[in-house]
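Student: Got a minute to go through this one with me? I'd like to start with the ligand site and then look at some strand pairing.

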Amino acid sequence: MLEDIQDMYRNHPLSSAIRSLRYKPHVRNIFYGGVMLTILYALYNSVRLPESLSYDFPEEVTVPTPPHIWDERARQVKRAFLHAYHGYERYAAPHDELKPISTGYKDNFNGWGVSIFDSLDTMVLLGLEGEYERARSYVEKTRFELAEHTFVPYFETIIRYLGGLLSTYALNKDPMLLSRADELAKKLDPVFNTPSKLALFGVNPSTGEVVGPDIGILAEMATLQLEYTYLAKATGNRAYWERANTVIKALSSADLRQTGGMFPIGWNLTTGQPHDAHLSVGAQADSAHEYLLKQYLLTAKTDKANLEMYIRATTHIITNLMYISPTRHLLYVTDTTTPTHEARGTPTHVFEHLSCFLPGLFALGAHTLPLDDLDSMGVNFMDLGAKGNFGRAGDGYRRLNSYNLKELHMWAAEGLAQTCWLTYADMRTGLGPDETHMRPSVRSVHGEGHLWMDSMDRWKQSGARGIPPGVGDKTPVIYTEQQRLRGGPGGRDYAIKKPGYLLRPETIESLYIMWRVTGDAKWRERGWRIFEAIERHTKTPYGYASIKSVEVVPPPKDDDMPSYFLAETLKYLYLMFTNDDPISLDKWVFNTEAHPLPVFEWSQEEKVLFNI
Ligand code: DMJ
């Protein structure tokens, strides 16, 4: 190498000038010596251990934070909400969303002011009376109309608009909100005009024209049960209950032999049966799995079909979609491509931020269900696998049957929550990427990977000592800029697929539930660190902006502040930090957009009306 460098210098035009110094060898030697030193210093700089392995990311807190500090932290979230909402009110209302860099606006969800509807219950919980009154008078006047041949996306309208109205009604019992919710649901009703009565993608609320492919998407057609059941109960209109029931019946009578008892993404809206075998808990699937447990909880544990479907779905997720990474043993959940003849498809090893709601769901289930005594709920775990003829699924049930199911679900929750958190703690911004690609093996980015349950079985066979695989705390690996550009030293176990942080709530939502369910303050402290990172890297003079890369400091921003940031991200942060527990997980159920609905108390007449 030294020779190469000398050659390079010999052939360089400057060298002739230097050679003219041949009669002054001491000058020449000093010159070459200087050049060599410069090169050696540059080489050293590119390989030396990064100063940033000691990057200023704060250590985990070991001394308990006193309650008054938590109250102050909750107040800081409230101030953040006000900053974001005032920016929206000033520059974008009554359009849908604020562009927090240019002070422009977006009309991406009907143009009815989605940020207002999505924020209503957050304002009530935060005690923001002035903002709420201004929002209320807008809501009262909104015309749920659209120009001909344009369409509302049904799913988004349900979770954001209808969810916001119903939840706020549940909190303050303002009848105007319920009547607006009723009116909106009626205008959307043509969407059910399919042979299966499962919802199409979209509808024009003014003309009733509908739009959407015959092959629907799981999350879009199976995320309305909570909203419609609550609406049915609040209005006494059984027709809404029927809409929710159609979904529940379609799901519980679906032919799931191809997918081992789990619901795939594609659904045929004519036959009401699955169309493919693509399994995921992330995009296009997430909230459908979430609503199985939550519908059971909302209806005060009266609807056994949902409980059974929840246990089937989670059994398949645990036995087939959960993997453990080779180096740091990170537990993660992935999706599988369509299988041919087997129940298990090929894992992609993609891990989505959207899937980070799952640890919270597992924890909520373990907290609220007697998973270690399902017989007391009239459910026989082994029968669930055998009765439906779900292909190879029976193996999974036999496997899980040798564990305490409650404990296993809680381990799954803890391990996944650790990984979701670590994808934040590993980044220089302290914020997590939208998608990662987990390495299935130390040496290769290809391969089957290591199923979590295989590691669990080995751990159990060797005496089940210590913390189960994938569950304990892990150390963050923060790359320097040099390491990032070089592709890193590999200690992270994953590559970043989509580097943006879109102000999403899922990790924060799970940290909040983990904190409430376990009482372990480490989850709450991690939530605080994420909030600090949000303040540091996403705040603009007018609001908060998604960022394009979580690995770059300062991160480049996107001109985008989604309404779910107001509805979910800030609400979960506030509820995590406040010392009160205004929305107890035993008494309320959050819809998928973080709008809480109260667990039912059934009256005798309602039991008759709803066939309970
Ligand atoms: C939210 O709109 C909802 O939580 C939805 O279910 C999926 N995720 C987005 C935010 O990431």
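Tutor: Sure; one term before we start: a polar contact is a pair of N or O atoms within 3.5 Å. Keep in mind that this is a predicted model, where local features need pLDDT of at least 70, side-chain atom pairs count only at pLDDT 80 or more, and totals for chains, interfaces and linings use all residues. Residues are numbered from 1 along each chain as its sequence is written, and side-chain values use heavy atoms, with hydrogens and water left out.

Student: How far is an oxygen atom of the ligand from an N or O atom in the side chain of Glu568?

Tutor: Glu568 belongs to the set surrounding the ligand, along with residues including Arg160, Asp286 and Tyr564. "Near" here asks for a heavy atom within 4 Å. From the Glu568 side chain, an N or O atom reaches a ligand oxygen at 3.0 Å.

Student: And what separates a ligand oxygen from an N or O atom of the Glu593 side chain?

Tutor: Glu593 is also listed around the ligand. Its side-chain N or O atom and the ligand oxygen are separated by 2.7 Å.

Student: How much of the ligand's area does the protein bury?

Tutor: Accessible areas come from Shrake-Rupley with a 1.4 Å probe. On its own the ligand exposes 300 Å², and the share buried by the protein is 91%.

Student: Switching to strands, which residue stands opposite Phe351 in β12?

Tutor: Strands are DSSP E runs of at least two residues, numbered from the N terminus, and two of them pair if DSSP finds at least two bridges. Antiparallel β11 (residues 350-352) and β12 (residues 435-438) are joined by three bridges. Across from Phe351 you'll find Thr436.

Technical notes. Polar contact = N/O pair within 3.5 Å; in protein donor to acceptor, adjacent residues only side chain to side chain. Helix = DSSP H or I, 4+ residues; strand = E, 2+ residues; numbered from the N terminus.
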